[in-house]
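Hi there,

Here is the structure I promised to pass along. Please have a look at it first, and then read my notes below.

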Amino acid sequence: MHPEAPPADTNLAEAVTTFVELRPRLFGIAYRVLGSATEAEDVVQEAWLRRQRTDRSAVVSPAAFLSSTTTRLAIDVAQSARVRRETYIGPWLPEPIDTSIDPVAGAERAEALELALLLVPQRLTPTERAAYVLRDAFEYGYSEIAETLRLTPVNARKIVSRARKHLADDERDSVDVQEHRRLLDAFVAAAQEGDVASLKALLTPEAVSLSDGNGLRGAARVPVVGRARVANLSTASSRFWPTVEIAPVQANGRAGVLLYRDGRATTFMTIAATRRGIHRVLWVFTSDKIAALLGSRAHCAPLPSRPVDAVARELTREGDGSSYAICRG
């Protein structure tokens, strides 16, 4: 005699609970592969929908199914994004996310979330990027990576090794959070005062300033390289700093500042630094990315506190039509 099948709502409750528990990790994987919180949210949503369409009794490990599905979907999106970014005007930077609620956004290694470090995987192919993220940010075994990416373990190991070689020494030797904030505060104070000499003292000789504006007027369309040029650029406009209000923010596990003009957030700025000094100054002017950063700061009630059927409807966008919330706290 066959055992009685569990009620459908029990199965649904288990599926929802599992997804909610894994969601920070799924978002973390997709975000690191894509560099876009907006695209990562869409990928995680699609992974949930595919989980819903799959016979749950046929899935041995829901965690493995969801992480593999998320990774493969992120690779697909990354391949199409590469084509779109060929028409991007000027430097492209990852979309910053607020991490004050969830400092690691699902990562076992929070430093792998730093904005400057997220630029490193973007130099790789989408498959190389995914392998690197799974191994270095989430410590997946090579056999798990191979299964997810449909490779042999030997190839998975080679891909990760090749990806790591793209890391420069500076990018592997970041200062701690406290020192990062001290350097950022010192940089902003010197820039406000137009103190070029102090800025030069904070910067490494090969410092680079990157401005993500996608053609926006006033945003540098090429990287600005060198201590003197970066310092001069940061104080170039005498009208810039006096006309903005500065608000501290924690983005990607590090300190940053949001600059407001006439009550509207227009710019995000942060730095990357080692014991040798600041070697990256990162500016985000693109309005969509500023909006996404502000959106990621929104609080929402944890999904598990809601009735299961309501959670399921929200996750599948079958309720009132609104997109499902970012609940990582």
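A quick word on naming before anything else: helices and strands here are DSSP runs, numbered from the N terminus, with at least four residues for a helix and at least two for a strand. Please also keep in mind that this is a predicted model.

Let me start with the enclosed spaces. There are 2 cavities of 30 Å³ or more in the structure, and the largest cavity holds about 40 Å³ of space. Its lining is made up of E114, L115, A116, H180, A251, N252, R254, T270, I271, A272 and L282. Two elements, α4 (115-118) and β5 (264-274), each contribute at least two residues to that lining. Strand β5 gives the most, with 3 residues. Sorted by class, the lining of the largest cavity has 6 nonpolar, 3 polar and 2 charged residues.

The other thing I looked at is a pair of helices. Two packed helices are described by the angle between their axes and the distance between the axes. For helix α5 (residues 126-137) and helix α7 (residues 153-164), the axes come within 9 Å and cross at roughly 90°. Angles of 65 to 115 degrees count as roughly perpendicular, so α5 is roughly perpendicular to α7.

Where the two helices touch, α5 brings T127, E128, A131, Y132, R135 and D136, while α7 brings I159, V160, R162, A163 and R164. By class, this contact of α5 with α7 has 5 nonpolar, 1 polar and 5 charged residues.

Happy browsing, and best wishes!

Note on methods:
Residues are numbered from 1 along each chain as its sequence is written. This is a predicted model: local features need pLDDT of at least 70, side-chain atom pairs count only at pLDDT 80 or more; totals for chains, interfaces and linings use all residues. Side-chain values use heavy atoms; hydrogens and water are left out. On a 1 Å grid over the protein atoms alone, a cavity is a set of points where a 1.4 Å probe fits but cannot get out, and a pocket is an open set with protein on both sides within 12 Å along at least five of seven lines; lining residues have an atom within 4 Å of a point. Grid points are joined across faces, edges and corners, and a volume is the space filled by probe spheres set on the points. Ala, Val, Leu, Ile, Met, Phe, Trp, Tyr, Cys and Pro count as nonpolar, Asp, Glu, Lys and Arg as charged, and the others, Gly among them, as polar. Axes are lines fitted to C-alpha atoms, for helices over the stretch in contact, and angles run from 0 to 180 degrees between N-to-C directions. Angles under 35 degrees count as roughly parallel, over 145 as roughly antiparallel, 65 to 115 as roughly perpendicular and the rest as oblique. Contact means heavy atoms within 4.5 Å.
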